[in-house]
Structure formats: structure tokens, C-alpha cells
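I opened this notebook to record what I looked up in one protein chain. The entries are ordered by region.

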Amino acid sequence: MTLRSRLPSTGALFVFESAARKLSFSEASREFNVTQPAVSKTIRQLEDDLGVRLFERRSGGVTLTRAGQILADAVEGGFRRIEDAFQEIERLKSDPDTVTLSVTSAFAMHWFMPRMDLFRSTFADIPIRFQILHDEAVGPLDGANLGVRRTEEADHGFEAWFLQQERIVPVASPAYVAAHGTLDGETLAGHTLGHLNQQLRVPWAKYLSEMGFPPPGGAAEIRFSDYALLMQAVIKGQCIGLGWRYIVEHELEQGGLVTLCDRDYLTGLDYHVVAAADSPMRETTAQVRDWLIAELRSGEAPAREQAG
């Protein structure tokens, strides 16, 4: 049986999505500027068409049934892919060769920007656009052509190409090390640790404990709202920070940063270049993907040798 025969009105899906997202027929009615009874009638008709109940009606509101949750997940994913397609169409209209890359602010600032001249010399005719994440390398692409994401992001329907293992090591500027030393002592007194306002997934306390260092109690601290800003402060010698290898490798190679110990923390996760699995890839996008993979993998061998 086709979708069209089971679902006479596709508009019912939009009403259902709103009611499921808000868990309120009244809120859905306001979103569509119709009455609450009209929303109830549309949902009832959809339930009749499917032959199942999608909502449990209670005096305090509504909740999704198991069938309702299945449909809500499918509709949300479908609508998101349609929105991504619209965004891609708009990009093609304005600049058909642009490749949009979804990465963290730290990756853009500390990995890509130092390689921008190399990118431009390699792809003189491919404009690049950044879609910036201000937290971790997780979440949907939201219309971007490519992204850098962690292992567990496979549930977003990505096609993925392995880049590197996730490795974390404490880093500092050479000037900071000259003034304060490394982490080899029995105390962290005299050191200043860089933290995020929103705690890192692998915070200092976890790294120090896992790697056999003293607890951070004796150290001062400074906090930042963004990881890219934290790393900039580390480069300027204001504090030490936990560096994700795939982000800081260029600064390590150029001498702007040095490692404070030879103990890389392996989280068991990997990083990948990802693209939407259900969208055909343009040749320009494939070229940028291959360049990213080659450049990112080239920085892993020194990290493995140092950690080994």
C-alpha cells in the first residue's frame, strides 16, 4: 500500500509534527492559526487512516504512544532532510560550486585557518563556507555538504570516512613552560588550568586522574565560553589546556604549542568526515572531502609515535 493511499492529506503530517513536538494540541493550533478542535479533528482523521492511536489524551495534556513516537521520529527526520534540500538548492542558485563545511569553532580557527593558503592553492575555483559549531563535533549537518563528527554520530544517517582516533594531551606555549615547567612534579601548584564555562567532556580532573597526575586542587584556573578562545589563551601563554590532537597538531608542528607530557588520553572514539548518505555528492565536494582526509590523517602518525 502506498503512502498516498494511506495518507490522503499530507497536511496532516505538518499538524501532527507540531503537536508531537509541543505535546499540545492547543500550541499546535496557535502555530497554524487554527482552532484547537480543528487540530484534534486532523489528528483523529490521521489516526483513523493509520488504524492506530498516536496520542494518549489525558486531562493534563497529551503524550505520544509508541506508534506516535515512531511516526514523530520519521517525520522529524524527513522534514529535516527536506529543509536541508531547500538550503542546498538555494546555495546552488547563488553559488553552485561552494562547499559548506560544518565544523567546530576550534577546528576552523586552529586547524583550517593555518591551512587556508594551501586549500586555496589546491582548489582555486572552489569557494568554501563554514557552518560553525560552538560546542562539540556532534549533531546533524543542517544542510552543510561535509562535516567533521565523532564516532557516535552515525545515527544521523551519515556516510562517514575515518580520520583519526580521539587523542587528548595537555599543551602549553613554550614561554609558559619556560616560566612554569611541565606536569612532571608532584603538585599542580603554580599552574593555571584553562577550563570551559560548560565543562569539557574530558575535563582536567578526569585527564589527570586517568593519566596518574596529582589532582588539580593546587592549580589556579581561568574559564572561557568557547574552546577556540581557550586554545588561543593557551597559545598566548595565559594557561595550559587539554588539546584535542586533530585540532592542535599544526601548532605543535610549528612550535606554537608544546606538549606538557607524553601521555595521550585515548577516549575510544574516532573522528570522521561525514556527508549526508541520501544526497548525491558533487565532484567539488568529493575533492574537498579527499583533501580533508589526506591532511587530517597526515597528522596522526607523529601523534601515534609520541604516544606509543
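The entries below go from the whole chain to single residues.

**Entry 1. Whole chain.** I note at the outset that the model is predicted. I counted the secondary structure and obtained 13 helices and 11 strands. I then looked up burial: of the 308 residues of the chain, 45% count as buried. I also looked at contacts between residues at least 6 apart in sequence, and 75% of them join residues at least 24 apart.

**Entry 2. Second largest pocket.** I recorded a volume of about 310 Å³ for the second largest pocket. Its lining holds 20 residues, and those closest to the centre are D135, E136, L196, L200 and Y227. Which elements give two or more residues to this lining? I found helix 6 (105-112) and helix 11 (245-254). By residue class, the lining of the second largest pocket divides into nine nonpolar, seven polar and four charged residues.

**Entry 3. Helix 10.** I turned next to helix 10, which spans residues 227-235. Its buried residues are Y227, A228, L230, M231, A233 and V234. Y227 is thus listed twice in my notes, as a buried residue of helix 10 and among the residues closest to the centre of the second largest pocket. I looked up what the buried residues of helix 10 pack against, and the partners are helix 6, strand 6 (158-172), strand 7 (192-196), strand 8 (220-224), strand 9 (241-244) and helix 11. Helix 6 and helix 11 are also the elements named for the pocket lining in the previous entry.

I examined both ends of helix 10. At its start, a side-chain oxygen of D226 comes to within 2.8 Å of the backbone nitrogen of A228. After the helix comes G237, and I read a positive phi near 85° for this glycine.

**Entry 4. S173.** I located S173 in the loop between strand 6 and helix 8 (174-180). Is S173 buried or exposed? I count S173 as buried because its relative accessible area is 4%, under the 20% cut-off. The side chain of S173 reaches the backbone nitrogen of Y176 at 3.0 Å. Leaving aside neighbours within four places in sequence, I listed V234, I235, G237, G256, L257 and V258 as the contacts of S173. Of these, V234 is one of the buried residues of helix 10, and G237 is the glycine that follows that helix.

**Entry 5. D264.** I found D264 in the loop between strand 10 (258-259) and strand 11 (265-276). Its relative accessibility is 9%, so D264 counts as buried. What does the side chain of D264 join in a polar contact? I found the side chain of R245, at 2.9 Å.

**Entry 6. Cysteines.** I searched for disulfides, and the count comes to zero. I also looked up the accessibility of two cysteines. C239 has a relative accessible area of 0% and is therefore buried. C261 also counts as buried, at 8% relative accessibility.

**Entry 7. Loop between strand 4 and strand 5.** I looked up two residues in the loop between strand 4 (128-133) and strand 5 (146-150), G139 and D142. G139 is buried, with a relative accessible area of 13%. I took the C-alpha separation of G139 and R150, which are 11 residues apart along the chain, and obtained 9.4 Å. D142, by contrast, counts as partly exposed at 37% relative accessibility. I noted a positive phi of about 50° for D142, although this residue is not a glycine. Most residues other than glycine have a negative phi.

**Entry 8. L23.** I noted another positive phi in a residue other than glycine at L23, with a value near 50°. L23 lies in the loop between helix 2 (11-22) and helix 3 (25-32). I count L23 as partly exposed because its relative accessible area is 39%, which falls between the 20% and 50% cut-offs.

**Entry 9. Q69.** I placed Q69 in helix 5 (residues 66-94). With a relative accessible area of 31%, Q69 is partly exposed. Finally, I looked up Q69 and F55, which are 14 residues apart in sequence, and their C-alpha atoms lie 9.0 Å apart in space.

How values were computed: Residues are numbered from 1 along each chain as its sequence is written. This is a predicted model: local features need pLDDT of at least 70, side-chain atom pairs count only at pLDDT 80 or more; totals for chains, interfaces and linings use all residues. Side-chain values use heavy atoms; hydrogens and water are left out. On a 1 Å grid over the protein atoms alone, a cavity is a set of points where a 1.4 Å probe fits but cannot get out, and a pocket is an open set with protein on both sides within 12 Å along at least five of seven lines; lining residues have an atom within 4 Å of a point. Grid points are joined across faces, edges and corners, and a volume is the space filled by probe spheres set on the points. Helices (H or I, at least four residues) and strands (E, at least two) are DSSP runs, numbered from the N terminus. Ala, Val, Leu, Ile, Met, Phe, Trp, Tyr, Cys and Pro count as nonpolar, Asp, Glu, Lys and Arg as charged, and the others, Gly among them, as polar. Buried means under 20% relative accessible area, exposed over 50%, partly exposed in between (1.4 Å probe, protein chains only). Contact means heavy atoms within 4.5 Å. A polar contact is a pair of N or O atoms within 3.5 Å; within protein, one must be able to donate a hydrogen and the other to accept it, and residues adjacent in sequence count only if both atoms are side-chain atoms. A disulfide is a pair of cysteine sulfur atoms within 2.5 Å.
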